[in-house]
Structure formats: C-alpha cells, structure tokens
Amino acid sequence: MGSSLYSWRRRYWKLWLLVSLVLGCGALCGTQAGNPKLRRSQWLSRPRQRRQAWTGEWSAWGSWSVCSGSCGGGASFRMRRCLRYANAADCRGDQRQYRVCNVQECPPGSIDFRKFQCSLYNNKPIKGNMMVHQWLPFYGAPNQCDLNCLAKGKNFYYRFGHVLDGTKCSPNSSDMCISGRCLTVGCDNILGSKASMDVCRVCGGQNSSCIQIRRVYQSALPASGYFGYNNVTVIPAGATNIKVTDNSKNYLGKSVSEVIMLKCFAVVPPKFGHNSLVN
C-alpha cells in the first residue's frame, strides 16, 4: 500500500513538473519568439534613410569661339565641363552657350549667308536627279532652320539638311538657327536666353530703376500758343515707353524739341478738353 502510494505520488509530481515545464517554456519561448518578430516589424516599418543625391558641378566657362560671320550677324559659342564625382548625377543646364556677334551691317554687294549656302550646290546633281540647277533661298518651308533652296526658274525647292549655325531664321529677324532650331536672342545677346528689357530699358531688370509718370492735360479754349497749339508737356531726355492718348477731336503734334503740343478744333464745345499722357 505504501509503495503504491509512493509510486503514484512520484508519477503525479513528474506529470506536474512536466506540465509546468511545458507551460513555462511555452510562455517563455512565445515571448522570445514574439520579440524578434516585433523587433523585425519595427525595423521594417522604420523609414529608410535615402542616400544623399550628389550632382556634378560645372567648371568655369571657356573662351568664346570665332564668330561664324564677319558681318550681318553671326554666332559664337563657349563650353564648360561637368565635374562629376563617383555615382554623381549629371550637371543641370547646357554644356554650350551661344551668343550673337558681328551684328554690324555688311558692305554693299555682300552675299547673304543663307544664299551662300544654297549656292554651294549650284551645278551639282541632287539625289535621284541628274539635272543641275542654280539654287536660291526659299523661306516658305515649315522649318526655318532647314536649308531649303529653290531651283532658279523652276517651281520646286529641295531640302539640303540644316543651315549652318549662326544663320538667321528669316531675313528680317535677329533670331538665329543653332543645331537646326531657331533660338530667340535675349537682350543679353545670348541665344535661347529669356532675358528681356524692362520698362526702364534695363536688361533683366525688375522695373525698379525708373519711375512711372502719368499726367492728364486739361486746358480751356481757345488755344493760346503759336498757330493754335498749346504746349502739353516736355519729354525729358532718356524717357522710355512713352504713350500719348487723346480722347477728343483735337490734333496732337510733336515738335523738334520733343514738346507734345495740342491743337484744338473750333467746333469743340467751350469746355475742358481731355488728353492724357502716359510716360
């Protein structure tokens, strides 16, 4: 009896110890197994730090090249180098810069630059046609910077690629062709520049170097000046963007000495005439 009770208690304690170990290990292992997952989720949700993007830097501009034309306007260019570090992005901006040069008028008898380029194909057969022609510039094609030449005495033109850099887009334009594109000339003489004159005639200015004057002139009839005119105002030297408006039936005139004068009709009723001067 005693031995059987002892063996039963022994099995009971073993079972209890086993259950305790299993439960304890399960809680412990569950905690240990949960923490790495928690830490991993926290690590995954943490925002990654982006690597700083390095951009290359431009060197100083080189010297200007020789002008493409000796007169009548041409183009010259200068270049700069992109100094890049390892894994750095390209430099922002253009590697080449073009400017207008030699804008003085050509002497009488000088040949036009575009006409000269067309004349290089005179008496030479074109592809698919063995006939030779004399070629003249043609300005009616869609792309102004294509070398379109009209066969003299014929009703067709031929495209000989692009014009040379520094060729004017049209005869009466200051814009020039560069790499087959028509670029506008800024007030800084840089092709493709967006710099423009402000109202004060300052290139790239902010309209802050001059003052705006607005005046309204009123006078009673009859006129007291010479030949029926009244002096309205005197335009000062250096004045720009001058605008004069007249809402009456009077005559406006300008003398040699830059004096705005007003001549009134006799049919105007005897009241104040309205004239405005915007400078």
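In what sense do β5 and β6 pair, and over how many bridges? The two strands pair in the antiparallel sense, over 3 bridges. The model is predicted. A search of the whole structure finds 8 disulfides, and three of them are described below, together with a sheet and two buried loop residues, D175 and G73.

**The sheet β5-β6-β7**

- The strands β5, β6 and β7 form, in that order, an open sheet of 3 strands with antiparallel pairing.
- At the edges lie β5 (135-137) and β7 (157-162), each of which pairs on one side only.
- From one strand to the next, the twist averages 40 degrees.
- Strands of a sheet are held to one another by backbone hydrogen bonds, in either a parallel or an antiparallel arrangement.
- Between β5 and β6, where 3 bridges are found, W135 has A151 of β6 as its bridge partner.

**Disulfide C118 to C149**

- C118 is joined to C149 by a disulfide with an S to S distance of 2.1 Å.
- The link of C118 and C149 is left-handed, with -85 degrees about the S-S bond.
- Because C118 belongs to helix α2 (residues 113-119) and C149 to strand β6 (residues 146-151), the pair ties together parts that are 31 residues apart in sequence.
- C118 and C149 are both buried.

**Disulfide C187 to C203**

- The sulfur atoms of C187 and C203 are 2.0 Å apart and form a disulfide.
- This link of C187 and C203 is right-handed, with 80 degrees about the S-S bond.
- C187 and C203 both sit in the loop between β10 (181-183) and β11 (214-217), 16 residues apart.
- C187 has a relative accessible area of 24%, so it counts as partly exposed.
- C203 is likewise partly exposed, at 33% relative accessibility.

**Disulfide C82 to C91**

- C82 and C91 are joined by a disulfide, S to S 2.0 Å.
- The link of C82 and C91 is right-handed, with 90 degrees about the S-S bond.
- Are C82 and C91 buried or exposed, or partly exposed? C82 has a relative accessible area of 27% and is therefore partly exposed, while C91, at 11% relative accessibility, is buried.

**D175, a buried acid**

- D175 is placed in the loop between β8 (167-168) and β9 (176-178).
- Although buried, D175 has no salt bridge.
- Which side chain of opposite charge is nearest to D175? That side chain is K168, and it is 10 Å away; a salt bridge would need a nitrogen of Lys or Arg within 4 Å of a carboxyl oxygen.
- Apart from neighbours within four places in sequence, D175 is in contact with T167, K168 and C169, and also with C182, L183, T184 and V185.

**G73, a buried glycine**

- G73 is in the loop between β1 (57-58) and β2 (74-79).
- The relative accessibility of G73 is 11%, which means that this residue counts as buried.
- Which residues does G73 touch, leaving aside its neighbours within four places in sequence? G73 is in contact with C101, N102, V103 and Q104, as well as with G166 and M176.
- E105 lies 32 residues from G73 along the chain, and the C-alpha atoms of the two are separated by 7.9 Å.

How values were computed:
Residues are numbered from 1 along each chain as its sequence is written. This is a predicted model: local features need pLDDT of at least 70, side-chain atom pairs count only at pLDDT 80 or more; totals for chains, interfaces and linings use all residues. Side-chain values use heavy atoms; hydrogens and water are left out. A disulfide is a pair of cysteine sulfur atoms within 2.5 Å. Buried means under 20% relative accessible area, exposed over 50%, partly exposed in between (1.4 Å probe, protein chains only). Helices (H or I, at least four residues) and strands (E, at least two) are DSSP runs, numbered from the N terminus. Lys and Arg count as positive and Asp and Glu as negative; His and the chain ends are not counted. Contact means heavy atoms within 4.5 Å. Two strands pair if DSSP finds at least two bridges between them. Axes are lines fitted to C-alpha atoms, for helices over the stretch in contact, and angles run from 0 to 180 degrees between N-to-C directions.
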